[in-house]
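Student: Could we go through this model together? I'd like to start with one side chain and then look at the helices.

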Amino acid sequence: MRATKLLFIISLLIMASCVGKDLTPATEVVYQGELIGNEDFTYASAAKVVEKCLEVKSCMELGQEDYPLPKIRGMRGGNAVECGSNDDGTPKLKLGCYTTDGYITVPQGADLEIISHECVHHWLYKSTGDADPLHSSNYFLSCSGGLSLTEDSE
Amino acid sequence: MWKELFRIAPELIPIIIQTVMDLEQVVTGIKRGEIRKSRVMNIISNILDTKDYFLKQDSDGQMEILNLVSMFVDVIVSTFNYTGLFASSEKLDFTPIPVEQGASNEGN
């Protein structure tokens, strides 16, 4: 029991060390459309983004399912995007946002790993009808982020 | 002490070699987190078995220790993912790139 408490305290300390990053809303749309690119234009990270999202799909054992890829909206002018609103009505700022219209919204210059997280929301929504905004699914641990417990990490 | 060590050496040496080989597999083996985690759990389980064997203890506490280690691995992984400590340094770039129509129409 003491060890459990110790683990909890350690994880809280590690998380607390990263709290306090100032988030500023990105407001200008740089790219909007298909994940792989539109008819006339694509974007520099398109191939890596598609690869990442398909990795997540495979990790979630949905590789055989014929679900469409999410769409993407790249924003600039800040390091976060508006994603819903807080209790007081102010916009909620996040590093990435998935909406059930199938769009992933992320700021320009964000870490590629954010795509993995948002793709978990997308594939969950396509497979279960629930995008799991509260992150209760284990797939957020096992299939997204820099470390993965159930899929190749390279 | 040395006498005792020599006595148990035939049993102890294969266990040490096996543990080293298991550790080597964790470090250099397949890069699947799931497999690595199970190997780490096996190593810890073997070490606990060995300890219990030589100290003539039962293994009541083993399951608790293994559960704690498993939880610890999960907490560490999720914490690192949450904080982005091992996040890739690759950044998203939405700089528009025109699609070369000619290239995509080749062969049609």
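Student: What joins the side chains of A:Thr105 and A:Arg73?
Tutor: In this predicted model, they are joined by a polar contact of 3.0 Å, a term for N or O atoms within 3.5 Å, where within protein one must be able to donate a hydrogen and the other to accept it, and residues adjacent in sequence count only through side-chain atoms on both sides.

Student: And where is A:Thr105, buried or exposed?
Tutor: A:Thr105 lies in strand 7 of chain A, residues 103-107, and it counts as buried because its relative accessibility is 9%, buried being under 20% with a 1.4 Å probe and only protein chains considered.

Student: Which residues does A:Thr105 touch further along the chain?
Tutor: Beyond its neighbours within four places in sequence, A:Thr105 is in contact (heavy atoms within 4.5 Å) with A:Arg73, A:Met75, A:Val81, A:Gly96 and A:Cys97.

Student: New topic: how do helix 2 and helix 3 of chain A pack?
Tutor: Helix 2 (residues 46-59) and helix 3 (residues 113-128) of chain A have axes 9 Å apart at an angle of about 50°, and they are therefore oblique to each other, meaning neither under 35, over 145 nor 65 to 115 degrees.

Student: Which residues make that contact?
Tutor: Among them are A:Val49, A:Cys53 and A:Val56 of helix 2 of chain A, and A:Ile115, A:Cys119 and A:Trp123 of helix 3 of chain A.

Student: What about chain B: how many helices and strands?
Tutor: Chain B has 4 helices (at least four residues each) and 1 strand (at least two), in the order α-α-α-β-α, and 23% of its 108 residues are buried.

Note on methods:
Residues numbered from 1 in each chain as written. Chains lettered and ligands numbered in written order. Predicted model: local features only at pLDDT ≥ 70, side-chain atom pairs only at ≥ 80, totals over all residues. Heavy atoms only, no water. Buried < 20%, exposed > 50% of the residue type's maximum accessible area, 1.4 Å probe, protein only. Axes fitted to C-alpha atoms, helices over the stretch in contact; angles between N-to-C directions.
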